[in-house]
Amino acid sequence: MQSLVTNLDEMRRLAAERAASFAALREALEFDESLTDDALDSLVESIAEPIVAAIDCKQCANCCRSLDVCLIPPDIDRLSAGLRIPIEDVITLYADEDLGRVHGEWAVIPAHPCPLLSGNLCSIYAHRPHACRVYPQFTPDFRYNMDDTIEGASHCPIIYNVLTALVERIKAQPPDDL
Ligand code: SF4
Ligand code: SF4
């Protein structure tokens with residue numbers, strides 16, 4: 001595995017420098033019929049697995065500091081249980097439905113950093129929203145979500161390192177040979 005970039009300033013600088021190579025990756029994969037959607041997802045997951053294991057999110061928390069958290073209705077029950085406050089208060093305090101509509105979602109937690117972040121840790125970890133549980137999500141359908149994934153390379157070290165490794169892998173072993 002390549003040496004991993006975890007410093008956020010360095011990640012942002014390198015993500016900007018590599019924007020063209022990430023865009024070229026997207027173009028190369030977008031219509032490549034030699035690599036099926038499932039095969040591409042498997043390749044991405046095989047690259048992501050050791051990177052996810054090696055990066056300590058407790059040392060980072062940048063997603064909790066910098067991204068809107070999309071909410072789905074079941075999150076409200078979870079947050080109510082975790083915060084021990086009524087559902088109505090969760091909605092009033094944490095669920096911005098107008099901004100959610102802008103994102104095409106039911107609601108979002110609009111504040112940055114997330115008001116539920118304590119230091120680098122989630123204060124309601126066991127009850128965190130679904131979006132927080134799955135982030136960063138590469139599959140299924142990596143091919144069809146590459147724009148969002150590439151955008152995430154300047155926010156999340158896991159995404160940056162996975163995309164960098166994928167670029168190197170595709171360069172070294174083009175899809176027809178996979
Ligand atoms: S709810 Fe917890 S995991 Fe989700 S963004 Fe807020 S602090 Fe982070
Ligand atoms: S998911 Fe990414 S941005 Fe969030 S804490 Fe982990 S490495 Fe940092």
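How many Å separate the centres of domain 1 and domain 2, taken over C-alpha atoms? In this predicted model, the separation is 28 Å. The domain assignment places residues 8–57 together with 137–177 in domain 1, and residues 68–134 in domain 2. Domain 1 is thus written as two segments, 8–57 and 137–177. Along its principal axes, the C-alpha trace of the protein spans about 55 × 30 × 25 Å.

The secondary structure consists of 10 helices and four strands. Followed along the sequence, these elements give the pattern α-α-α-α-β-α-α-α-β-β-β-α-α-α. Four helices therefore precede strand 1 in this pattern, under the assignment by DSSP runs numbered from the N terminus.

The next topic is the largest pocket. Its volume is about 1,600 Å³. The lining comprises 49 residues, and those closest to the pocket centre are Cys63, Leu67, Ala131, Tyr135 and Pro136. Where does this pocket lie with respect to domain 1 and domain 2? Both domains contribute residues to the lining, so the pocket lies between them.

Several elements supply at least two lining residues each: helix 4 (62–66), strand 1 (69–71), strand 4 (121–122), helix 8 (130–134), helix 9 (146–152) and helix 10 (157–172). Helix 8 provides the largest share, with five residues. By class, the lining has 31 nonpolar, 10 polar and eight charged residues.

The model also holds ligands. Ligand 1 sits in the largest pocket, and ligand 2 sits in the largest pocket as well. Around ligand 1 are Cys64, Val69, Cys114, Leu116, Leu117, Cys122, Pro129 and Cys132. The shell around ligand 1 divides into eight nonpolar, no polar and no charged residues; cysteine counts as nonpolar in this classification.

Ligand 2 has its own shell, made up of Ile55, Cys57, Cys60, Ala61, Asn62, Cys63, Tyr135, Pro136, His155, Cys156, Pro157 and Ile158. Helix 4 and helix 10 are the elements that give two or more residues to this shell. Its classes are 10 nonpolar, two polar and no charged residues. Cys63, Tyr135 and Pro136 belong to the shell around ligand 2, and they are also among the residues closest to the centre of the largest pocket.

Some backbone features involve residues of this shell. Most residues other than glycine have a negative phi, and most peptide bonds are trans. Ala61, a neighbour of ligand 2, has a positive phi of about 60° although it is not a glycine. Ala61 lies in the loop between helix 3 (37–54) and helix 4. The peptide bond from Tyr135 to Pro136 is cis, with omega near -5°. Pro136 is placed in the loop between helix 8 and helix 9, and both Tyr135 and Pro136 are in the shell around ligand 2.

A cis peptide bond also joins His112 and Pro113, where omega is about -10°. Pro113 is found in the loop between strand 2 (107–109) and strand 3 (117–118). Cys114, the residue that follows Pro113 in number, is one of the residues around ligand 1.

Aromatic contacts remain to be described. How many aromatic pairs does a search of the whole structure find? The search finds one. Phe22 and Tyr160 form this pair in an edge-to-face arrangement, with 6.2 Å centre to centre and 70° between the planes. Phe22 lies in helix 2 (residues 19–30) and Tyr160 in helix 10, so the pair ties together parts that are 138 residues apart in sequence. Helix 10 also supplies at least two residues of the lining of the largest pocket.

Notes
Residues are numbered from 1 along each chain as its sequence is written. Chains are lettered from A and ligands numbered from 1 in the order in which they are written. This is a predicted model: local features need pLDDT of at least 70, side-chain atom pairs count only at pLDDT 80 or more; totals for chains, interfaces and linings use all residues. Side-chain values use heavy atoms; hydrogens and water are left out. On a 1 Å grid over the protein atoms alone, a cavity is a set of points where a 1.4 Å probe fits but cannot get out, and a pocket is an open set with protein on both sides within 12 Å along at least five of seven lines; lining residues have an atom within 4 Å of a point. Grid points are joined across faces, edges and corners, and a volume is the space filled by probe spheres set on the points. Domain bounds come from an automatic or database domain assignment. A residue is near a molecule or strand if one of its heavy atoms lies within 4 Å of it. A molecule sits in a cavity or pocket if more than half of its atoms lie within 2 Å of its grid points. Rings of Phe, Tyr and Trp (its six-membered ring) pair if their centres lie within 6.5 Å; planes under 30 degrees apart count as stacked, over 60 as edge-to-face and the rest as tilted.
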